[in-house]
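Here is a set of short exercises, each with a worked solution. Have a look at the structure first, then try each task before you read on.

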Amino acid sequence: MKNIFVLISCIYLFSCKAHSQSKTMDKELIEAFDTIKNKVDIERYGTSLYNRNFEVINFKYIEATKTIHWTTILRNADKPFPVIVYTITYPKKNTILFWKGDLVLKNSNPEYKSIITAFITDAEALKQHQKQVLNEIKNGEIVKLKISQIVKLKNGLSLMLRGFSNKRVYPGDPRTAMAHMQVIIDDVTKEEISFYDHALAGIPYPNDTEKLKGYVFRIRKFLYDECIEVLVSKK
């Protein structure tokens, strides 16, 4: 009888622990959904960034349907690069659904927990990415450049967009274009920076950044053969 009581107690404690872990996961999942909804750029391409595995992730929030499109471009894989897309809906309180195509991912799926964990982790990466960019904007300056135009900054730097070029790519590779910008320091020293604009399956890669002479240059807008916008901040 004593052994049976101990067994029942262990089962009860295990059940309570599992329930507590499930409640914690649900709370983190809802917070992740809200983070993406509130922080993703409201534009047709969404927000792209690198996750901790240095894979490209892209979040789009569709206001009309209140859904999140979560895309991951896997790295170090055979070509064509695998592109994984989930649609996340929040139909009612405490219920978040993950769709792959027309199918809902069930919690009985052996990959369910790892996918949920990856989503929560990527949402945190988005939060940190936005925090970094906002800090650069606070301590920097956004410059718009047209081809051959020279713009002088308050810190003594001058920037000139020299032109654009394309890189030949093969089927399955990301589309690649480049913008070539010259950095002029104290009207004497000239350095060149090339910004890359990648996209695959309609998903843009994260905005390219370059570091030079204690400054960070982050591409903000890339209009091929027209202009670029660059955020310049102190490193």
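**Warm-up: one lysine**

Lys66 is partly exposed, with a relative accessible area of 46%. Buried means under 20% relative accessible area, exposed over 50%, and partly exposed in between (1.4 Å probe, protein chains only). Before going on, note that this is a predicted model, where local features need pLDDT of at least 70 and side-chain atom pairs count only at pLDDT 80 or more, while totals for chains, interfaces and linings use all residues. Residues are numbered from 1 along each chain as its sequence is written, and side-chain values use heavy atoms, with hydrogens and water left out.

**Exercise 1: the overall picture**

Task: find out how many helices and strands the protein chain has, and what share of its residues is buried.

Solution:
- Start with the secondary structure: the protein chain has two helices and 15 strands. Helices (H or I, at least four residues) and strands (E, at least two) are DSSP runs, numbered from the N terminus.
- Next, burial: 37% of the 235 residues count as buried.
- Then the surface: the accessible area of the protein chain is about 14,900 Å², and 53% of that belongs to carbon and sulfur atoms. The areas come from the Shrake-Rupley method with a 1.4 Å probe, and for residues only the protein chains shown count as cover.

**Exercise 2: the six-stranded sheet**

Task: work out the strand order of the open sheet of six strands, and say which helix packs on it.

Solution:
- Walk across the sheet and you get E1-E2-E3-E4-E5-E6, with antiparallel pairing. Two strands pair if DSSP finds at least two bridges between them.
- Now look at the ends. Strand E1 (47–50) and strand E6 (103–104) each have a single partner strand, so one side of each has no neighbour in the sheet.
- Zoom in on one pair: strand E3 (residues 67–73) and strand E4 (residues 83–92) run antiparallel, joined over seven bridges. In one of these strands, E4, Val85 is the bridge partner of Thr71.
- Finally, the helix: H2 (residues 112–138) packs on the sheet and touches E1, strand E2 (56–62), E3, E4 and strand E5 (95–100). The direction of H2 makes about 100° with that of E1. Contact means heavy atoms within 4.5 Å; axes are lines fitted to C-alpha atoms, for helices over the stretch in contact, and angles run from 0 to 180 degrees between N-to-C directions.

**Exercise 3: the five-stranded sheet**

Task: which strands stand at the edges of the other open sheet, and where does Ser158 sit?

Solution:
- The strand order is E8-E9-E10-E11-E12, and the pairing is antiparallel.
- That puts strand E8 (150–152) and strand E12 (203–204) at the edges, each pairing on one side only.
- E8 and strand E9 (residues 157–166) pair over three bridges in the antiparallel sense, and Val151 has Leu159 in E9 as its bridge partner.
- Ser158 also lies in E9. Ser158 counts as buried because its relative accessible area is 3%.
- Leaving aside neighbours within four places in sequence, the contacts of Ser158 include Ile150, Val151, Gln182 and Asp187.

**Exercise 4: salt bridges**

Task: look up how many salt bridges the whole structure has, then go through some of them.

Solution:
- The search finds seven. A salt bridge is a side-chain nitrogen of Lys or Arg within 4 Å of a carboxyl oxygen of Asp or Glu.
- Our warm-up residue, Lys66, forms one with Glu63, with the closest N and O atoms 3.2 Å apart.
- Lys37 and Asp34 meet in another, at 4.0 Å, N to O. Both lie in helix H1 (residues 2–39), three residues apart, about one turn of the helix.
- Glu192 and Arg162 meet at 2.3 Å, N to O. This pair links distant parts of the chain: Glu192 is in strand E11 (residues 189–200) and Arg162 in strand E9, 30 residues apart.
- Check the exposure: Glu192, at 41% relative accessibility, is partly exposed, and so is Arg162, at 47%.

**Exercise 5: the cores**

Task: find which element supplies the largest share of the largest nonpolar core.

Solution:
- This core has 24 residues, and those with the most contacts inside it include Ile36, Trp70, Ile88 and Phe119. A nonpolar core is a set of buried Ala, Val, Leu, Ile, Met, Phe, Trp, Tyr and Cys residues joined through side-chain atoms within 4.5 Å.
- H1, E2, E3, E4, E5 and H2 each supply at least two of its residues.
- H2 gives the largest share, seven residues.
- Apart from this core lies another, of 22 residues, among them Leu159, Met181, Val183 and Ile219.
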